[in-house]
Amino acid sequence: MFGHDNRELAAIFVGGAIGTAARAALATLAVPDPGRWPWPTFVVNIVGAFLLGYFTTRLLERLPVSSYRRPLLGTGVCGGLTTFSTMQVETVRMIEHQHYGLAVGYTVVSIAAGLLAVYAATVMVRRVRLRA
């Protein structure tokens, strides 16, 4: 049987609740229309990618090792905040409504912007000088 750490699971649960609540709050601002850019999903995914790059780099390279910070912030908060599945459903709805260019553009821009956000956060953390 695989062992597990209940405190790590609790950290993921708490972080996931925070991230999911933030995403749900943002999603109430606009109901997605398959003929328009789905800004709420796009924004949370890019912000989540940036935060994941920031937390991962900072926690692994700048702070003392912790068993709970990465599960809380990375897996929990960022995992709850971002929503790849919603992006896929929105893309399929665009295709079903024959908005092919929008669907392709949304998919490509979402993936590229997410990768860029992770990279930018990583570079930002690494450029901050460590105090001696």
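Helices here are DSSP runs of H or I with at least four residues, and strands are runs of E with at least two.

**View 1. The whole chain of this predicted model is built from helices.** The secondary structure comes to five helices and zero strands. Along the sequence the pattern reads α-α-α-α-α. The C-alpha atoms fill a box of roughly 55 × 40 × 30 Å along the principal axes. The chain has 132 residues, and 29% of them are buried. Among contacts with a separation of 6 or more, 80% link residues 24 or more positions apart.

**View 2. Eight residues form the largest nonpolar core.** Its members are F42, I46, A49, M87, M94, A103, Y106 and A117. Three elements each give two or more residues to this core: α2 (39–61), α4 and α5 (100–127).

**View 3. I46, a member of the largest nonpolar core, has contacts far along the sequence.** Residues up to four places away in sequence are not counted here. Beyond them, I46 touches S110, A113, G114 and A117. One of these, A117, belongs to the largest nonpolar core together with I46.

**View 4. Helices α4 and α5 pack against each other.** Their axes lie 7 Å apart, at an angle of about 160°. Angles over 145 degrees count as roughly antiparallel, so α4 and α5 are roughly antiparallel to each other. The crossing of the two helices is left-handed.

**View 5. Residues of α4 meet residues of α5.** From α4 come M87, E90, T91, M94 and I95. From α5 come Y100, L102, A103, Y106, T107 and S110. Some of these residues also sit in the largest nonpolar core, among them M87, M94, A103 and Y106. S110 has a further partner, as I46 touches S110 too.

**View 6. T83 lies in the loop between α3 and α4.** Helix α3 spans 69–81, and α4 spans 84–96. Is T83 buried or exposed? The relative accessible area of T83 is 6%. The cut-off for buried is under 20%, so T83 counts as buried.

**View 7. The side chain of T83 makes a polar contact with the side chain of T86.** The contact spans 2.6 Å. Which residues does T83 contact, leaving aside its neighbours within four places in sequence? They are R23, T41, V44 and N45.

Definitions and conventions: Residues are numbered from 1 along each chain as its sequence is written. This is a predicted model: local features need pLDDT of at least 70, side-chain atom pairs count only at pLDDT 80 or more; totals for chains, interfaces and linings use all residues. Side-chain values use heavy atoms; hydrogens and water are left out. Buried means under 20% relative accessible area, exposed over 50%, partly exposed in between (1.4 Å probe, protein chains only). A polar contact is a pair of N or O atoms within 3.5 Å; within protein, one must be able to donate a hydrogen and the other to accept it, and residues adjacent in sequence count only if both atoms are side-chain atoms. Contact means heavy atoms within 4.5 Å. A nonpolar core is a set of buried Ala, Val, Leu, Ile, Met, Phe, Trp, Tyr and Cys residues joined through side-chain atoms within 4.5 Å. Axes are lines fitted to C-alpha atoms, for helices over the stretch in contact, and angles run from 0 to 180 degrees between N-to-C directions. Angles under 35 degrees count as roughly parallel, over 145 as roughly antiparallel, 65 to 115 as roughly perpendicular and the rest as oblique. A crossing is left-handed if the near helix is turned anticlockwise from the far one by less than a right angle, and right-handed if clockwise.
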